[in-house]
Amino acid sequence: MEEKPEKLIVNGKRLDGREPGELRPLKIQAGVLKRADGSAYVELGGNKILAAVYGPREFHPRHLQQPTTATLRCRYNMAPFSVSDERKRPGPSRRSIEISKVTREALEPVVFLEQYPRAVIDVFIEVLQADAGTRTAGITAASVAMADGGIPMRDLVASVAVGKVDGTIVLDLNKYEDQYGEADMPIAMLPRKKEISLMQMDGNFTPEEFRQAIELAILGCEKIYEAQREALEKKYSANLGGE
Amino acid sequence: MLNVKRRELVVPGELVAEGDYLLGEGLFRDGREIYSSVVGLVDIRGRKVRVIPLQGRYVPKPGDKVIGIVIDAFYYGWILDLNSPYTGTLFASDLLGRKVDFSREDLSEYLEAGDAVFVKVKEVDELMHVSLEADKWGMGKLKRGKLVEISSAKIPRVIGRGGSMISMLQGVSGCRLRVGQNGRVMVWGRDLKRVNAIVEALLMIEREAHTTGLTDRVREFLEKRIGGK
């Protein structure tokens, strides 16, 4: 692990040159995998994340089927080569099981699960390269992948982290800010109604800081939502072939 | 009040209209506002609004004609895969159109696992148990041909407005087609080369489903493929 930088904010700018309320460079692409029903690829700064959606399809084992609604299954997984310092041990860990669960809970409120009784929708999120904020980028990718797969949804889900470094509220933390900052709070939002479907927190905020952080997160999610819409529109208008 | 133009591309959660409209597929209501639930193109006919989906799985509806593949047989019928999250049940009496005495007849005479069957969805209950029938003329086992699977969202384009595309495909090639709403198309004919040309044409329709003047381009493609033997 590298040394802690002396200061994380110099002259009001962050180490990577961003303003406190600025996102890292964001790229979203829909429909990148041929075999999946829906897929998306997201790059947010150093994060590279692939999401694939399968279904709705028949749910096996059958005793897990829910008679009146579909089931949403999510798997968040980090590739062994996704982190810098050492090879990550492959396979599920305590951390990835938790992230899978909160991802599922962040996505569930938007999906019309009751339209597909007994079926299952599988969402796979693969982190190819990690650089802080992978769970939020994973949710962003998964939501685009579900829309790309034609799964009926009430809204997209946009997600970003906010935090506090050197006493300043910042948007979309990078690796150093995540490791050495004072607080980190991933947020997922349903942009249409501004409802929050994921909120976790690590560190401390005062109530006033918390309010500021939420507001900054909402702004960030709105920017991400625009990029998500653009990605979907781009894929399909390319398919429309200049109509 | 409409918020979008006709044929405009919408994404899930996008405001389509406000007020009294009749909702078709791909839309949901929240108070007075009407939102899209899928990625698709808005279609407006008078007070009726719907979103034509560009992707998505087939979900059985009563009255649909689909091509199923037998995956299992049981004492009084068969279970069919419908290229959907749900399988369908076909009773022997609904295939043969008569009473069947199971102690005297061997059902494997009629259908076996792997057979393709052209069936009609008879009923779908609230738990999505699908029952099928195939006792009308033209239904039942498809004995030969090539089975093509494309996205079920593209099937309306294979049929065309008033059947224009499908009659063109059959007319130009002399092959016969059976189109299932679930995205499966069976093609058969005397000349294998023509059958293969139709298969390619179907894949072309799937790729270019939302372009205009598609029927003419497919006709051109087919004539070139069949003409240049």
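Q: What makes the place of B:Ser84 a loop position, and which strands flank it?
A: B:Ser84 sits between β9 (77-81) and β10 (87-91) of chain B, in the loop that links them. Strands here are DSSP runs (E, at least two residues; helices are H or I, at least four), numbered from the N terminus.

A quick word on the model: it is predicted, so local features need pLDDT of at least 70 and side-chain atom pairs count only at pLDDT 80 or more, while totals for chains, interfaces and linings use all residues. Residues are numbered from 1 along each chain as its sequence is written, chains are lettered from A and ligands numbered from 1 in the order in which they are written, and side-chain values use heavy atoms, with hydrogens and water left out.

Q: Why is B:Ser84 called buried?
A: Because its relative accessible area is 11%, and buried means under 20% (exposed is over 50%, partly exposed in between; 1.4 Å probe, protein chains only).

Q: What does B:Ser84 touch, leaving out residues up to four places away in sequence?
A: B:Tyr58 and B:Pro60. Touching means contact, with heavy atoms within 4.5 Å.

Q: What makes β1 (9-10) and β3 (22-23) of chain B edge strands?
A: They belong to an open, mixed sheet of four strands in chain B, ordered β1-β6-β7-β3. Each of the two has a single partner strand, so one of its sides has no neighbour in the sheet.

Q: How do you know that β3(B) pairs with β7 (residues 48-53) of chain B?
A: Two strands pair if DSSP finds at least two bridges between them, and two bridges join these parallel strands. In one bridge, B:Leu23 has B:Val49 of β7(B) as its partner.

Q: Why is the meeting of B:Arg57 and A:Asp37 called a salt bridge?
A: The term asks for a side-chain nitrogen of Lys or Arg within 4 Å of a carboxyl oxygen of Asp or Glu. The side chains of B:Arg57 and A:Asp37 are 3.1 Å apart, N to O, so the pair qualifies. Between chain B and chain A there are four salt bridges. On chain B's side, β4 (27-30) and β5 (33-36) are the elements giving two or more residues that touch chain A.

Q: How much area is buried between chain B and chain A?
A: About 2600 Å², with 58% from carbon and sulfur atoms. Buried area is the accessible area (1.4 Å probe) that two parts lose on being put together, summed over both. Here 29 residues of chain B are in contact with 34 residues of chain A.
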